[in-house]
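I opened this entry to look up two things: a metal site and a sheet. My notes follow the structure.

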Amino acid sequence: MLDSSKNQLLTQVGAGTPMGDLLRRYWMPIAGVSEFENENVKPVRLMGEDLTLYKDMNGTFGLVDRHCPHRSADMSYGFVEQCGLRCNYHGWLFDQDGRCIEQPYEDVAHPEARFRDKVRIKAYPVQARAGLIWAYLGPQPAPLVPNWEPFTWKNGFVQIVFADVPCNWFQCQENSVDPLHFEWMHMNWSVRLADEGGPYSPRHLKIVFDEFDYGIVYRRIREGMSEEDPLWKVGRVCLWPNALFTGDHFEWRVPIDDENTLSVTWSFSRVPKEREPYVQQSIPAWRGPVQDSSTGRWITSHVMNQDFIAWIGQGAITDRTREHLGTSDAGIIMLRQRFLKDIEAIARGEDPKATIRDPELNLCVTLPIADRKRLVEGVSAAEISRGPLGSGRLATDYIFQAGQPREVRTAYAAAMGIPE
Ligand code: FES
Ligand SMILES: [Fe+2]
């Protein structure tokens with residue numbers, strides 16, 4: 001249980017709030033690079049700030065204020081030029097650093113005043129990595145965008161999946177350190193959703209949590225599992241500050257504002273050895289629905305949709321004064337304590353946990369990966385179908401989230417060499 005002041009402290013994401021300032025020390029994934037193959041400007045909201053993300057004709061990405069500093073027109077209706085984004089109201093043009101580089105009327109009528117040198121638009125750095133656009137809203141010097149090990153892998157089909165989840169990000173992230181829910185929410189509930197009475201899946205017998213440089217590792221033993229199992233020997237990762245990492249799959253919970261979260265998945269599927277070498281031309285990015293429009297209820301059919309139901313069900317900002325934590329929640333307590341300590345650390349002028357500034361280290365940041373051999377060395381189609389962790393992964397259906405577009409399904413099947 002937390003008192004309400006701590007609950008507020010951990011859940012507020014706005015600029016100037018302690019947690020909002022802590023979160024601003026990290027790069028956040030906000031869009032897919034491939035989204036900008038067909039459009040070049042889009043509105044985004046991140047940690048309570050309304051912004052505009054664009055890609056200019058030079059191919060440079062920029063992230064600027066949603067509103068023009070002239071008279072506040074909506075910059076997401078602006079248009080890009082060779083360099084920068086132009087407001088559609090009176091044509092002021094801004095570059096990715098926020099400089100005003102043209103004021104069409106003032107530049108002609110009163111060039112000597114150089115009014116544009118006195119005007120800036122709020123602008124934040126953005127970088128492309130692993131098919132994602134990352135934004136940094138914190139103080140300079142910015143740390144590096146983490147180059148997590150899977151971002152360096154080859155011979156994989158990657159897809160990026162978004163969802164808008166109407167609740168606070170912190171309860172979503174607590175789910176990243178909650179292995180027990182897998183047994184009930186995903187395994188057993190799916191049995192019942194399929195109208196089957198059972199059998200229920202093996203019970204969890206032992207769960208341990210260990211903090212490491214980039215997060216918290218959780219390891220588990222379930223009925224019938226030996227201590228040689230990679231899920232006990234290696235485990236899975238609650239990745240700092242706002243992600244789950246299972247080996248070939250990242251899920252970030254990106255705060256849109258206090259009561260909304262952007263779920264961002266980066267999912268890697270190693271193609272069978274028979275398909276190598278495989279080079280993916282463009283990483284598709286798609287957005288899945290969370291609500292069933294025919295019933296108005298949340299979608300229950302896919303793994304992450306089930307998670308969304310848990311998170312949303314806890315309330316827009318869950319009231320932690322009412323909770324009763326058990327021993328299975330030890331990781332959640334660890335997570336909260338680390339954030340509370342890091343709020344103090346940044347107030348002392350220190351870097352918070354998992355800040356990466358060493359370019360050498362960032363060539364490839366290794367993480368605990370239970371299924372490493374299969375992912376790094378590759379396996380045949382037959383082995384993929386047989387392997388315990390890879391079972392079923394040669395199927396065409398994307399099991400994690402509802403709403404995969406047909407063309408992504410087609411591209412996946414083609415990469416894997418399986419019928420659609
Ligand atoms: S409001 Fe943007 S140029 Fe006038
Ligand atoms: Fe889950």
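I looked first at the burial of His181, and it is buried, with a relative accessible area of 17%. I set that against the cut-off for buried, which is under 20%. Asp307 is buried too, with a relative accessible area of 3%. I note here that the model is a predicted one.

Next I asked which protein atoms serve as donors to the iron ion (ligand 2). I found NE2 of His181, NE2 of His186 and two OD entries from Asp307, at 2.0 to 2.5 Å from the ion. In sequence I read the spacing of these donor residues as H-x4-H-x120-D. His181 lies in helix 5 (residues 180-193) and Asp307 in helix 7 (residues 303-313), so this pair ties together parts that are 126 residues apart in sequence.

I then checked the geometry of the iron ion (ligand 2). The angles among its four donor atoms run from 56 to 145°, and the site is irregular. For a tetrahedral label, all angles would have to lie between 85 and 135 degrees. I kept in mind that the ideal angle for four tetrahedral donors is 109.5 degrees.

I turned to the sheet. I recorded four strands in an open sheet, ordered 5-6-7-8, with antiparallel pairing. Which strands stand at the edges? They are strand 5 (79-80) and strand 8 (100-102); each has a single partner strand, so one side of each is left without a neighbour in the sheet.

Last, I followed strand 5 to its partner. Two bridges join strand 5 to strand 6 (residues 85-86), and the two run antiparallel. I found Val80 opposite Leu85 of strand 6.

Methods:
Residues numbered from 1 in each chain as written. Chains lettered and ligands numbered in written order. Predicted model: local features only at pLDDT ≥ 70, side-chain atom pairs only at ≥ 80, totals over all residues. Heavy atoms only, no water. Donors = N, O, S within 2.8 Å, 3.2 Å for Na, K, Ca; no water. Tetrahedral: all angles 85-135°; square planar, octahedral: opposite > 155°, others 65-115°. Buried < 20%, exposed > 50% of the residue type's maximum accessible area, 1.4 Å probe, protein only. Pairing = 2+ DSSP bridges.
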